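This report follows the strand pairing, the nonpolar core and the charged side chains of one chain, in that order. Please keep the sequence and the coordinates at hand while reading.

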Amino acid sequence: ELFPLSVLVHCFYFRGGAELLFDGVKKHQVTLPCQPEPWDIRNLLKWIKQNLLKERPELFMQGESVRPGILVLINEADWELMGELDYKLQDQDNVLFISTLHGG
């Protein structure tokens, strides 16, 4: 079996004000449910929106991606270098979402 249905454990971090959309919780340790396809960032964002996001999803997401102004780091590397929405999550990945937007 090429893709065993393994359980993936990840840490998601929300900083720079993004944590306010998640009840002020900055770190979430999450076990993602098994699914036939490998998890990618696109599916992860849908899951975060449905399961973690507490308020004002329009401040975190735009369409199926994060909205402009939210920096995404995967294991401390810019997600633009990793394939963005198409990046396939690996076990123990750390994903950091930093809001660079500051309301006035």
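Leu73 has Leu96 as its bridge partner in S7, and Leu73 also stands opposite Asp78 in S6. The model in which these pairings appear is a predicted one, in which local features need pLDDT of at least 70 and side-chain atom pairs count only at pLDDT 80 or more. Strand S5, which covers residues 70-74, runs antiparallel to S7 and is joined to S7 by 5 bridges, while 2 bridges join S5 to S6, again in an antiparallel arrangement. The link from S5 to S6 is a hairpin with 2 residues between the strands, and Asn75 in this turn has a positive phi of about 50 degrees. Because 4 of the 5 residues of S5 are buried, this strand is largely enclosed by the rest of the structure.

The nonpolar core comes next. In soluble globular proteins, nonpolar side chains tend to be buried together. Here the largest nonpolar core has 27 residues, of which Ile41, Ile48, Phe60 and Phe97 touch the most other members. At least two residues of this core come from each of strand S1 (8-15), strand S2 (27-32), H1, S5 and S7, and H1 supplies the largest share, with 5 residues. When residues up to four places away in sequence are not counted, the contacts of Phe97 include Tyr13 and Phe14, Leu45 and Ile48, Phe60, and Ile70, Leu71 and Val72. Arg15, Ala18 and Val66 are also touched by Phe97.

Turning to the charged side chains, the structure holds 3 salt bridges, which are set out below with their N to O distances.

| Positive partner | Negative partner | N to O distance |
|---|---|---|
| Arg42 | Glu64 | 2.9 Å |
| Arg42 | Asp86 | 2.8 Å |
| Arg56 | Glu58 | 3.6 Å |

Arg42, Glu64 and Asp86 are linked in a network of salt bridges. Arg42 and Glu64 connect distant parts of the chain, 22 residues apart, with Arg42 in helix H1 (residues 41-51) and Glu64 in the loop between strand S3 (61-62) and strand S4 (65-66). In the bridge between Arg42 and Asp86, Arg42 lies in helix H1 and Asp86 in the loop between strand S6 (77-78) and strand S7 (94-99), so this pair ties together parts that are 44 residues apart in sequence.

Are the members of this network buried or exposed, or do they fall in between? Arg42 has a relative accessibility of 21% and therefore counts as partly exposed, with buried meaning under 20%. Glu64, at 39%, is partly exposed, and Asp86, at 46%, is also in the partly exposed class. In the remaining pair of the table, Arg56 is partly exposed with a relative accessible area of 47%, and Glu58 is partly exposed with a value of 44%.

Asp93 is a charged residue without such a partner: Asp93 is buried yet has no salt bridge, and the nearest side chain of opposite charge, that of Lys88, is 12 Å away. A salt bridge requires the side-chain nitrogen and the carboxyl oxygen to be within 4 Å. Which side chain, then, makes a polar contact with the side chain of Asp93? The partner is the side chain of Tyr87, at 2.8 Å. Asp93 itself lies in the loop between S6 and S7, the loop that also holds Asp86.

Definitions and conventions:
Residues are numbered from 1 along each chain as its sequence is written. Side-chain values use heavy atoms; hydrogens and water are left out. Buried means under 20% relative accessible area, exposed over 50%, partly exposed in between (1.4 Å probe, protein chains only). Two strands pair if DSSP finds at least two bridges between them. Lys and Arg count as positive and Asp and Glu as negative; His and the chain ends are not counted. A polar contact is a pair of N or O atoms within 3.5 Å; within protein, one must be able to donate a hydrogen and the other to accept it, and residues adjacent in sequence count only if both atoms are side-chain atoms. A nonpolar core is a set of buried Ala, Val, Leu, Ile, Met, Phe, Trp, Tyr and Cys residues joined through side-chain atoms within 4.5 Å. Contact means heavy atoms within 4.5 Å.
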